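Me: Please show me how to read the surroundings of a ligand and the empty spaces of a protein model.

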Amino acid sequence: MKREPSGTPVPGQKTEEWNDWRWQLKQSVRHPRHLGESLRLCTGDMDDLGAVVETYHMSVTPYYLSLIEQGRRDDPIARQCLPDRREIDAAAGGSEDPLDEERDTVVDGLIHRYSDRCLAMVTSRCAMYCRHCNRKRRWKTGEDVSPASLHAMVAYVARTPRLREVILSGGDPLMLGDDCLEGLLASLRAIPHVEVIRIGSRIPVVLPMRITPELCRMLRRYRPLWFNTQFNHPREVTGESARACELLVEAGIPVSNQSVLLRGVNDGLETMRDLLYELQRIAVRPYYLFHCEPVRGATHFQTDIATGRAIMEKLWGDVSGLCIPRYVIDLPGGGGKRSLEPASCHADDEGEKVN
Ligand SMILES: *Cc1c(COP(=O)(O)O)cnc(C)c1O
Ligand code: SF4
């Protein structure tokens, strides 16, 4: 059942408040003990969870919590947002920085790994802390990036002419206020060799009210601007999130999706197909399906490559080409992104060579 954007799922809750992103942030649940009784059933034993959030903090908007099917331990929405004791299981392994991003960090917070584009982590804050995040290592700082750091990132881009694209990432760049974000976009736009700006943000999925008409009016002035978000499950496509994406698209900003293949969330063919269909329906182009990396604190989300390949193989035969993302892995040790597509998806055997 899709809710309309104006509806509030919580009885007695004022609609204006519910639709106000500041209210959503203020009301976010930051400790498992503040979860309602019915949600506690999803998390199991409360005692251990305090220790989990001391290591990896928690923050979930009431909006995202409302998508959980209450009382189900294995709910795919709950899994993405509620702490799990396996996150601090010392025996679970995993690496803090599996992609070795620190190695390609050229100035604090800016990763320049591929020649023509770079990725700027412009804040370490997120509207929601996804339990599977591969930048969990950066949550600890919990601080905003200083204006001096932002300035240093822009200065690096300005003196590096081969950079034709800059990706704003984080954290979530839309956690910056409109003015700060606009300042950043304006300074990047003023650099002649920067042709394209990309924003990577999960806000349309976890706090869709943040995508306001005013924000979109501002963003459209800095086109060509591309927007990548992260829907992982069909139930995340709601009236609200569809509207957020529609506002962006109407502003001339193409929206693409980067999912992560997550055990117990979207590692089945049906779920993945439903997700891709939903995305196509709301004009969001599936771009990447990331293989889940061995991130410390998130190894319980990992699937094997065979699972991902089997799903991809079925999709190729079955669904519209416009729905099909590329299945990729970001190689450990900073090796970069590689295609994981099954060989039979292509005339050549590109997919076989990379392993
Ligand atoms: C993923 C990534 C990019 C963007 O790569 P695309 O294939 O263009 O989406 C850029 N820089 C870094 C460091 C990345 O990890
Ligand atoms: S929004 Fe992105 S950076 Fe933030 S916790 Fe989720 S996956 Fe990590």
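Me: How many nonpolar, polar and charged residues does the shell around ligand 1 have?

Reply: The classes count Ala, Val, Leu, Ile, Met, Phe, Trp, Tyr, Cys and Pro as nonpolar, Asp, Glu, Lys and Arg as charged, and the others, Gly among them, as polar; here the shell has 6 nonpolar, no polar and 4 charged residues. This is a predicted model, in which local features need pLDDT of at least 70 and side-chain atom pairs pLDDT 80 or more, while totals for chains, interfaces and linings use all residues. Residues are numbered from 1 along each chain as its sequence is written, chains are lettered from A and ligands numbered from 1 in written order, and side-chain values use heavy atoms, without hydrogens and water.

Me: Which side chains have a polar atom at an oxygen atom of ligand 1?

Reply: A polar contact is a pair of N or O atoms within 3.5 Å; within protein, one must be able to donate a hydrogen and the other to accept it, and residues adjacent in sequence count only if both atoms are side-chain atoms. Arg117 places a polar side-chain atom 2.6 Å from a ligand 1 oxygen, Arg198 does so at 2.8 Å, and for an N or O atom in the Tyr287 side chain the distance is 2.7 Å.

Me: How much of the area of ligand 1 does the protein bury?

Reply: Accessible areas come from the Shrake-Rupley method with a 1.4 Å probe, and for residues only the protein chains shown count as cover. Taken alone, ligand 1 exposes 380 Å², and the protein buries 91% of that.
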